[in-house]
Amino acid sequence: MIDLKNRIAIVTGAGAGLGREHALLLARLGAKVVVNDLGSDVNGNGGSTNAAQSVVNEIVNAGGEAIANGASVTDASQVEAMVKETIERWGRVDILINNAGILRDKTFTKMTLDDFRTVVEVHLMGAVNCTKAVWDIMREQKYGRIVMTTSSSGLYGNFGQSNYSAAKMALVGLMQTLSLEGEKYNVRVNCLAPTAATRMLEGLLPEESLKALAPSAVSPAVAVLVSEHAPTRMILCAGAGSFEAAHITMTQGIHIGTGDDTCHVLEEKLAQVSDRKGEFIPATGFAQGNLELNKAGLQMGE
């Protein structure tokens, strides 16, 4: 059984949808929860702590402990104040769920740079701000569980979501490196790729599908990713009661050399380069260089 008693969790964007379900489940499992929500609409406009307080009331009425917080994840000083308040109240931060996000969907040709920048600022820099604010705390206490919310749109692309997709894939890269840097401090960092019927999907799917994709069906994945025995460096997909793992792999490729005709030979042999037989999951970014040098009869760092 997953027991989060005496664990302190911060969940961003927790006033509705996925964040709300994450907060409620973590509280049921024993965690004390900071319910963070700016209270904006799906486009990032407006703001109110009413939604966050409503979730806090649910948790408290069920016998749990929680506080509401209206910090904007894009404002590092507000985030730092939220973490400071959490430490002053409960003495530590064990869990961070980076869930806050907005949508500004348009095809790339119609999208303004401001719409692109704003979505990246909320999803990517919002997660960076929150993670930075708790990182040294978790390292010093030698315990931390951080979840980045990525998306299939980032992993595989989605028409009309270039800004969202770019931000979501960037979070995977952030997770990959932070999982390495946090490993010896027992700070485990993972990604969640949810499929859920939230405000972001209203009007896009049939009613029957929306019911199957209840946000509550995703939250068990979060519980596993923040548990005592959580993995690290995992991309866990969840939706409608199903769970999968996504991986960024590398093929074995081929060695062509560096002759004058390399570009022509490469063009002819792209199918061999793309052959997935023997593909693997690199342990670090150095794996690409190692593979390429080894095929050339050399070694990295030698």
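Let me start with helix α4, residues 113-141. At 1.5 Å a residue, its 29 residues should span 42 Å, and the C-alpha atoms at its ends lie 41 Å apart, so expectation and model agree. I should say at once that this is a predicted model. The agreement in span does not make α4 straight throughout: there is a kink of about 35 degrees, centred on Val134. Just after α4 comes Lys142, with a positive phi, near 55 degrees.

Now the sheet. Eight strands form an open sheet with mixed pairing, and the order is β3-β2-β1-β4-β5-β6-β7-β8. Which strands stand at the edges? They are β3 and β8, the latter being residues 242-246; each has a single partner strand, so one side of each has no neighbour in the sheet. From one strand to the next, the twist averages 20 degrees.

Let me take one pair from the sheet. Strand β5, residues 144-149, pairs with strand β6, residues 187-194, in the parallel sense, over six bridges. Opposite Ile146 we find Val189 in β6. Helix α6 packs on the sheet here, touching β5, β6 and β7, which is residues 235-239. The direction of α6 makes about 160 degrees with that of β6.

Staying with α6, which covers residues 162-182, I would point out Gln176, which is found in that helix. Which residues does Gln176 contact, leaving aside its neighbours within four places in sequence? There are Arg233 and Ile248. With Arg233 there is a polar contact between the side chains, at 2.5 Å.

Next, the β3 edge of the sheet. Helix α2 lies across β2, residues 32-36, and β3, and runs at about 180 degrees to β3. Between α2, residues 50-61, and β3, residues 66-69, there is a loop, and Glu65 is found in that loop.

Is Glu65 buried, exposed or partly exposed? Its relative accessibility is 39%; buried means under 20% and exposed over 50%, so Glu65 counts as partly exposed.

As for the surroundings of Glu65, leaving aside neighbours within four places in sequence, its contacts are Ala31, Lys32, Val33, Ile59 and Trp90. Two of these deserve a word. Lys32 is 33 residues away from Glu65 along the chain, yet their C-alpha atoms are separated by 5.0 Å. With Trp90, the side chain of Glu65 makes a polar contact of 3.5 Å.

That is where I will stop.

Notes
Residues are numbered from 1 along each chain as its sequence is written. This is a predicted model: local features need pLDDT of at least 70, side-chain atom pairs count only at pLDDT 80 or more; totals for chains, interfaces and linings use all residues. Side-chain values use heavy atoms; hydrogens and water are left out. Helices (H or I, at least four residues) and strands (E, at least two) are DSSP runs, numbered from the N terminus. A polar contact is a pair of N or O atoms within 3.5 Å; within protein, one must be able to donate a hydrogen and the other to accept it, and residues adjacent in sequence count only if both atoms are side-chain atoms. Contact means heavy atoms within 4.5 Å. The expected span of a helix is 1.5 Å times one less than its number of residues. The bend at a residue is the angle between axes fitted to the seven residues ending there and the seven starting there. Buried means under 20% relative accessible area, exposed over 50%, partly exposed in between (1.4 Å probe, protein chains only). Two strands pair if DSSP finds at least two bridges between them. Axes are lines fitted to C-alpha atoms, for helices over the stretch in contact, and angles run from 0 to 180 degrees between N-to-C directions.
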